[in-house]
Amino acid sequence: MQEVTQIMDDAAMRRSMTRMAHEILERNKGLDNIVLVGILTRGVALAERIAAKLEEIEGQQVETLTLDATPFRDDRVVDKTTPTEAPNLAVVDRKVILVDDVLYTGRTVRAALDAIMQAGRAEAVQLATLVDRGHRELPIRPDFIGKNVPTSRSEQVIVKFREVDGEDGVWIASNK
Ligand SMILES: O=P(O)(O)OC[C@H]1O[C@H](OP(=O)(O)OP(=O)(O)O)[C@H](O)[C@@H]1O
Ligand SMILES: O=c1cc[nH]c(=O)[nH]1
């Protein structure tokens with residue numbers, strides 16, 4: 001039987017995203033030259049939420065770009081016979097904040113970093129995630145974390161965003 005437990009409601013998510021926005025501003029001393037790059041699917045929703053919060057706090061717009069890291073993955077079947085095209089992302093000389101909803105093995109972020117490098121040389125790349133659930137397979141560590149959630153590998157973290165899923169919240173699903 002699957003047991004599903006909610007660990008963040010919409011208010012908790014909102015508070016975490018607000019804190020992350022403040023941390024981004026503090027670390028970067030403002031928003032100059034910053035671009036948020038959201039990884040499909042829910043990283044994009046998170047990036048847009050954080051961008052809206054940054055704008056609310058600073059009164060300055062921040063650009064949000066969308067990245068599909070799938071062609072750059074090393075752990076799912078992709079066509080290796082044709083070279084992967086560099087994504088059309090304006091990152092050259094900008095401070096990129098890579099955004100994803102869950103950080104687990106780190107393989108999605110590795111693929112995203114590969115995509116960003118191919119798009120051009122960013123001034124810096126920082127990583128923001130709503131949930132860090134551990135179990136990294138690569139030396140990747142987030143700069144901005146909504147919530148650290150210790151998990152076992154058999155569990156699943158489910159993040160929902162209103163824009164994508166019709167509601168906001170985070171759940172852990174485990175098989176009992
Ligand atoms: O650190 P990792 O082990 O790579 O796992 C994290 C990734 O897994 C989920 O994406 P998923 O692959 O389910 O795609 P989706 O967001 O498009 O549903 C999540 O949104 C992260 O992108
Ligand atoms: O538990 C997990 C692992 C990877 N990606 C998710 O969205 N949840």
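**View 1. V35 and its partner across the β2–β3 pair.** In this predicted model, V35 has E63 of β3 as its bridge partner. That match is part of a longer run: strand β2, residues 34-39, pairs with β3 in the parallel sense over five bridges. If you step back along the chain from β2, you meet N33, which sits in the loop between α1 and β2. N33 has a positive phi of about 70°, even though it isn't a glycine.

**View 2. The five-stranded parallel sheet.** Pull back a bit and β2 turns out to belong to an open sheet of five strands, in the order β3-β2-β4-β5-β6, with parallel pairing. The edges are β3 (63-67) and β6 (144-148), and each of them pairs on one side only. From one strand to the next, the twist averages 25°. Helix α2, residues 42-58, packs on this sheet and touches β2, β3, β4 (95-103) and β5 (124-132). The direction of α2 makes about 150° with that of β2. Helix α3, residues 107-119, lies across β2, β3, β4 and β5 too, and it runs at about 155° to β4.

**View 3. Where α1 meets α2.** How do the axes of these two helices cross? Helix α1 (residues 10-28) and α2 have axes that come within 9 Å and cross at roughly 65°. The crossing is right-handed. On the α1 side, the contact is made by M17, T18, M20, A21, I24 and L25. From α2 come R49, I50, K53, L54, I57 and E58. Sort the residues of this contact by type and you get eight nonpolar, one polar and three charged.

**View 4. The cis peptide at L40 and T41.** Zoom in on the bond between L40 and T41: this peptide is cis, with omega about 10°. T41 lies in the loop between β2 and α2. Keep an eye on T41, since this residue is also among those that come nearest to ligand 1.

**View 5. The shell around ligand 1.** Which residues come nearest to this ligand? Of the 13 residues around ligand 1, the nearest are T41, V102, Y104, T105 and T108. Two elements, β4 and α3, give two or more residues each to the shell. Strand β4 supplies the largest share, with four residues. By type, the shell splits into five nonpolar, four polar and four charged residues.

**View 6. The annotated stretch at residues 96-108.** The UniProt annotation, from an unreviewed entry, marks residues 96-108 as "short sequence motif: PRPP-binding". What does the model show for this span? Residues 96-108 are 62% strand and 15% helix, and the end C-alpha atoms lie 16 Å apart.

**View 7. The shell around ligand 2.** Here the cast is shorter to list: V102, Y104, R133, Q156 and V157 surround ligand 2. Those residues divide into three nonpolar, one polar and one charged. Two names should look familiar from the view of ligand 1, where V102 and Y104 are among the nearest residues.

**View 8. The three-stranded antiparallel sheet.** A separate close-up takes in an open sheet of three strands in the order β1-β8-β7, with antiparallel pairing. At its edges stand β1 (2-8) and β7 (156-160), each with a single partner strand, so one side of each is left without a neighbour in the sheet. The twist here averages 25° from one strand to the next.

**View 9. Strand β8 and its two partners.** What joins β7 to β8? Five bridges link β7 to strand β8 (residues 169-175), and the two run antiparallel. Among these matches, V159 has V170 of β8 as its bridge partner. On the β1 side, β1 and β8 pair in the antiparallel sense over six bridges. Look for Q6 here, standing opposite W171 in β8.

Note on methods: Residues are numbered from 1 along each chain as its sequence is written. Chains are lettered from A and ligands numbered from 1 in the order in which they are written. This is a predicted model: local features need pLDDT of at least 70, side-chain atom pairs count only at pLDDT 80 or more; totals for chains, interfaces and linings use all residues. UniProt positions are given in the numbering used here, feature names are shortened, and annotations may be inferred rather than shown by experiment. A residue is near a molecule or strand if its C-beta atom, placed from the backbone, lies within 6 Å of it. Ala, Val, Leu, Ile, Met, Phe, Trp, Tyr, Cys and Pro count as nonpolar, Asp, Glu, Lys and Arg as charged, and the others, Gly among them, as polar. Two strands pair if DSSP finds at least two bridges between them. Axes are lines fitted to C-alpha atoms, for helices over the stretch in contact, and angles run from 0 to 180 degrees between N-to-C directions. Two residues are in contact if their C-beta atoms, placed from the backbone, lie within 7 Å. A crossing is left-handed if the near helix is turned anticlockwise from the far one by less than a right angle, and right-handed if clockwise.
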